[in-house]
Amino acid sequence: MTDNELSTRYTALYHTFGCKLNYAETSTIASMLGDRGVARALPGDSPDVIVINSCSVTELAEKKCRQTIRSFARRYPDAAIVVTGCYAQLSADDIALLPGVKIVAGNDRKTELVEYICSYLAQGDGAAEEKHVTPTRDIRAFTPSCSRGDRTRYFLKVQDGCDYYCTYCTIPMARGRSRSPRIAELVEQARGVVAAGGKEIVLTGVNIGDFGKGTEETFLDLCRALDEVDGIERYRISSIEPNLLTDELIEFVARSRRFMPHFHIPLQSGSDEVLRLMHRRYDTALFRHKIETVRRLIPDAFIGVDLIVGARGETESLFEESRRFIESLDISRLHVFTYSERPGTKALEIEHVVSQEEKHRRTAEMIALSDEKLARFSERFDGSERPVLLEHQAADGTMGGFTDNYLRVEITPYPSKANTIVNCRLTFNPDVPENMKGELLI
C-alpha cells in the first residue's frame with residue numbers, strides 16, 4: 001500500500017450520462033480512484049461509493065439522472081452517492097437534497113473529486129455532506145482527461161466549454177467558456193497511450209474545432225502534431241461544428257494515414273430559418289458544401305449528423321423543408337434529438353411551440369430516414385475488405401470492432417486478436433444494417 005492509498009479497501013460503481021466527453025472523464029476519475037485503492041465494484045458487490053456523471057442537455061436527461069440516483073439509493077442504502085457533471089453544475093442544491101447524495105461537484109472539480117471522495121471515506125459515518133461548485137462564469141481551468149474506459153479506444157479530451165450560446169442550449173452555462181491545453185501537452189498524453197498499448201484515440205471536447213482559441217495554435221495544428229506520434233494507428237475526430245470543419249482539415253484527413261475517414265457534424269436543422277432562430281453559425285449552403293467536399297475527397301467516409309426536431313419556431317412547413325434538405329444529403333446516419341425546453345435559454349422567447357405529439361411524430365419520421373440512409377451506406381460495402389480494430393470479447397461472448405470508416409462489424413470470437421487491426425471481408429445484413437458480419441482474412 002502506498003501513502004496515497006486508503007487504509008481500508010473500498011469499491012466504487014460508476015454511471016455516466018451524456019456525451020463521449022463525460023465518459024472519458026468518468027474513466028479518468030475511476031482510474032485515479034483505482035490508484036488510491038478504490039476498486040471498481042464487481043457484479044453482486046455492494047459498492048461503498050457510487051459516482052454519477054450527469055448530463056443536462058435535455059429535461060429527460062435530468063429526469064433520468066434523478067431516477068437513477070433514487071434507484072441506487074434504494075438498492076445500496078449504505079453507499080455514498082457522488083454526483084458531478086453538467087446537471088450537478090446547474091442544479092447542485094436540488095441534487096444535494098436527493099436521497100443518498102453525499103457529494104456534489106461541478107464540472108471543473110472532477111479532478112479534485114478523488115480527494116473529496118477519499119476524504120469522505122476516511123472520515124467514516126460522521127462525514128458531512130459536501131457541495132463543491134464554482135460559478136460557471138469563474139471556470140477558467142482546463143481539466144485533462146485521457147482514458148480508455150471499457151473499450152479498446154482511448155478518449156482524449158482536447159477542449160472544454162463553449163462560447164456559441166445557441167438559443168436552445170445550456171452547455172455554456174454548465175461547461176463555461178471555451179478553453180484548451182497546449183498541443184505539446186496533448187502530444188505527451190498520446191505518447192502515454194502508445195506506452196499503454198493503445199491503438200486508437202478519439203479526440204473529444206465540447207466544441208473541439210474551437211481548440212486553441214486565444215492562442216496561435218489551431219485544431220488543424222493539433223491534428224498535424226498528433227499525426228506524427230508513432231504507435232497510434234487511428235485517430236477519430238468527434239463532433240465538430242460545420243463552420244469549424246475547414247476544407248483544409250478535410251483535405252488533411254484525406255491525406256492522413258492515421259486520421260480515419262469518419263466525421264460527426266451537427267446540423268440541428270435543415271431549414272435556414274430555424275438555424276437563424278437557433279443562432280447557429282452557418283446555413284444549409286455551407287453545410288451542403290462540407291458534405292460534398294468530404295464525399296469528393298473521401299468517398300467512403302462515414303458521416304454522422306446531429307439533428308434536433310420540434311424546436312421552437314419549427315413550423316410544419318419548416319420541418320418539411322428540413323426533411324427534404326436532409327434527404328438530399330449523402331450522409332451515413334442521423335442522431336435525432338427531440339427538442340426539450342431548457343430553463344434560462346433564449347429559445348423560450350420564440351413564439352411557435354410544437355406539441356409533444358407532433359415532436360414525437362417528427363422524431364419517428366427522421367429516425368426512419370436515418371435507418372434508410374444507414375442501410376444504403378452499409379450496403380455499399382457488402383463483400384468488400386476493410387481493416388477492423390477488434391475490441392475485447394464482450395461479457396455475452398460476442399466480439400467485434402469498427403472499420404476505418406466506422407462500420408460496426410461482428411466476427412466469430414477470436415480473443416487473441418483483441419486490440420489488433422485485422423482485415424475482414426464484410427457481409428451486409430439488411431435485417432440488422434447497423435451491424436456488418438466480418439470474416440477474418442488472416
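Student: In which loop is His 279 found?

Tutor: This is a predicted model, and in it His 279 belongs to the loop between helix H10 (272–278) and helix H11 (284–297).

Student: What is the phi of His 279, and how should its sign be read?

Tutor: As a general idea, most residues other than glycine have a negative phi. His 279 has a phi near 65 degrees, which is a positive value in a residue other than glycine. With a relative accessibility of 46%, His 279 counts as partly exposed.

Student: Is Tyr 406, which also has a positive phi, buried or exposed?

Tutor: The phi of Tyr 406 is near 65 degrees, and this residue lies in the loop between strand S15 (399–403) and strand S16 (408–411). Buried means under 20% relative accessible area; Tyr 406, at 19%, is therefore buried.

Student: How should one read a sheet, and what is the strand order of the open sheet of four strands?

Tutor: Strands of a sheet pair through backbone hydrogen bonds, either parallel or antiparallel. In the open sheet here the order is S7-S8-S9-S10, and the pairing is mixed. Strand S7 (146–147) and strand S10 (234–237) are the edge strands, each pairing on one side only. Strand S9 (residues 200–204) runs parallel to S10, and four bridges join them. Within this pair, Leu 203 stands opposite Ile 237.

Student: Which residues point one way from S11, and which the other way?

Tutor: In a regular strand the side chains alternate between the two faces of the sheet. From S11, His 262, His 264, Pro 266 and Gln 268 point one way, while Phe 263, Ile 265 and Leu 267 point the other way. Seven of the seven residues of strand S11 (residues 262–268) are buried, so the strand is largely enclosed by the rest of the structure.

Student: In what sense do S11 and strand S12 pair, and over how many bridges?

Tutor: S11 pairs with strand S12 (residues 302–309) in the parallel sense, over six bridges. Gln 268 stands opposite Leu 307 of S12.

Student: How many helices and strands does the chain have, and how compact is the chain?

Tutor: The chain has 13 helices and 18 strands. Its radius of gyration is 22 Å, close to the 22 Å given by the globule rule for 442 residues, so the chain is as compact as a globular protein of that length. Of these 442 residues, 55% count as buried. Among contacts in the chain with a separation of 6 or more, 73% come from residues 24 or more positions apart.

Terms used: Residues are numbered from 1 along each chain as its sequence is written. This is a predicted model: local features need pLDDT of at least 70, side-chain atom pairs count only at pLDDT 80 or more; totals for chains, interfaces and linings use all residues. Side-chain values use heavy atoms; hydrogens and water are left out. Helices (H or I, at least four residues) and strands (E, at least two) are DSSP runs, numbered from the N terminus. The radius of gyration is taken over C-alpha atoms; the globule rule is 2.2 Å times the number of residues to the power 0.38. Buried means under 20% relative accessible area, exposed over 50%, partly exposed in between (1.4 Å probe, protein chains only). Contact means heavy atoms within 4.5 Å. Two strands pair if DSSP finds at least two bridges between them.
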